[in-house]
Amino acid sequence: MASSAISHFSSLSTSSLCFNFSTKIRPPTAFPRFPNLNTRSLTVTASTSLDYSIDKSSLSSKTSNWQWKFKDSSIKIHYEEYGNESNGPNKNILMMPTISDVSTVEEWRLVAKDIIQQSGNVSWRATIVDWPGLGYSDRPKLDYNADVMESFLVDFILDPSSPINHMEDLVIVGGGHAATIAVRAAKKGLVKPTAIAAVAPTWSGPLPIVFGRDSKTESRYELLRGTLRAPAVGWMMYNMLVSNKKSIQSQYESHVYADSTNVTPAIIENRYELTKQKGARYVPAAFLTGLLDPVKTREEFLQLFEGLDGKLPVLIVSTSGAPKRSKAEMEALREAKGVSKFVEVPGALLPHEEYPSLVAKELYSFLQDVI
């Protein structure tokens, strides 16, 4: 069952790569508080560049860890900071990696560097943080679900000991499930960012998006999840389904990247090493089987964004080569209430890693509108 599901999901085709197109932006009448958000049609091309006229000596970077106190656990959380130390007002971005079995801060590094090197009216600082159980953070055996991940996001922003607790004018940028979890937390009023940018947003895990949800499938998901978490057989199952280079390459070529020629041996080797860390199978067990899904239906997905209407600007960055089912969910946001700007770029489920300069261009344009 599990092997068949993963194989089916990995084989989801992506549409051919396209570099020139236009997208329509919703009128500003539904978003009166932010008049700078333009409504012209946008054309995204592959031949884009950002203005790097800033003094490179003013740029800074830092890699560190933060101890997240969750219930009876203290979990080491990996984060990275990139800043522009030049004079001028300081604005802050929190970048959340896409939640998956190969999630890592690395997917946002080039985008962060592109943005902070911009020469503009403000100086940007970007913080990228790995989720608990993923990337370079600790991977304890927790009962991971969407509520746990939401609690982490809220604590990382608000906890007095957090490295970003003092930051004002915080814009949250997230990919995949991370974006939807951020929107959910904002709708609940748990966090109050200045704006949110959702890049290739998703809400359904691999198996539920393919096989759906009913009592029979949920029982099978629970069985698979329990097997993956088991001491010995769990590692065997995890190595067969997730932690092998062939499987990782298949994922990247079929639905993570839009252009298979961009999938290099170095990327596969790096992601493979991430899957070999102690405790690596716990979050994927939850993600694959839908426990990390922040909502259960498209209707609930749209209601999250509707709940932010008029409260803060929300950017959606869709992709031209996303898998069919994921693409349908992104398209549902094109005219959705609460979405102030919708653009499309090349890519599949990880456009910010595959086409960082294009995503950075759209994010920077959005940031300029909302500052």
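A salt bridge is counted here when a side-chain nitrogen of Lys or Arg lies within 4 Å of a carboxyl oxygen of Asp or Glu. The structure is a predicted model, and by this rule the count comes to 17 salt bridges.

**Exercise 1.** Determine which parts of the chain are linked by the salt bridge between arginine 184 and glutamate 150.

*Solution.* Step 1: the closest N and O atoms of arginine 184 and glutamate 150 are 2.9 Å apart, and the pair forms a salt bridge. Step 2: arginine 184 belongs to helix α4 (residues 177-187) and glutamate 150 to helix α3 (residues 146-158). Step 3: the two residues are 34 residues apart, and the pair links distant parts of the chain. Step 4: arginine 184 and glutamate 150 are both buried.

**Exercise 2.** Establish what the salt bridge of glutamate 150 and lysine 188 ties together, and classify the burial of glutamate 150 and of lysine 188.

*Solution.* Step 1: the side chains of glutamate 150 and lysine 188 form a salt bridge at 2.9 Å, N to O. Step 2: glutamate 150 lies in helix α3 and lysine 188 in the loop between α4 and β8 (195-199), so the pair ties together parts that are 38 residues apart in sequence. Step 3: buried means under 20% relative accessible area; glutamate 150, with 6%, is therefore buried. Step 4: lysine 188 has a relative accessible area of 46% and is partly exposed. Step 5: salt bridges with shared partners join Asp147, Glu150, Arg184 and Lys188 into one network.

Technical notes. Residues are numbered from 1 along each chain as its sequence is written. This is a predicted model: local features need pLDDT of at least 70, side-chain atom pairs count only at pLDDT 80 or more; totals for chains, interfaces and linings use all residues. Side-chain values use heavy atoms; hydrogens and water are left out. Helices (H or I, at least four residues) and strands (E, at least two) are DSSP runs, numbered from the N terminus. Buried means under 20% relative accessible area, exposed over 50%, partly exposed in between (1.4 Å probe, protein chains only).
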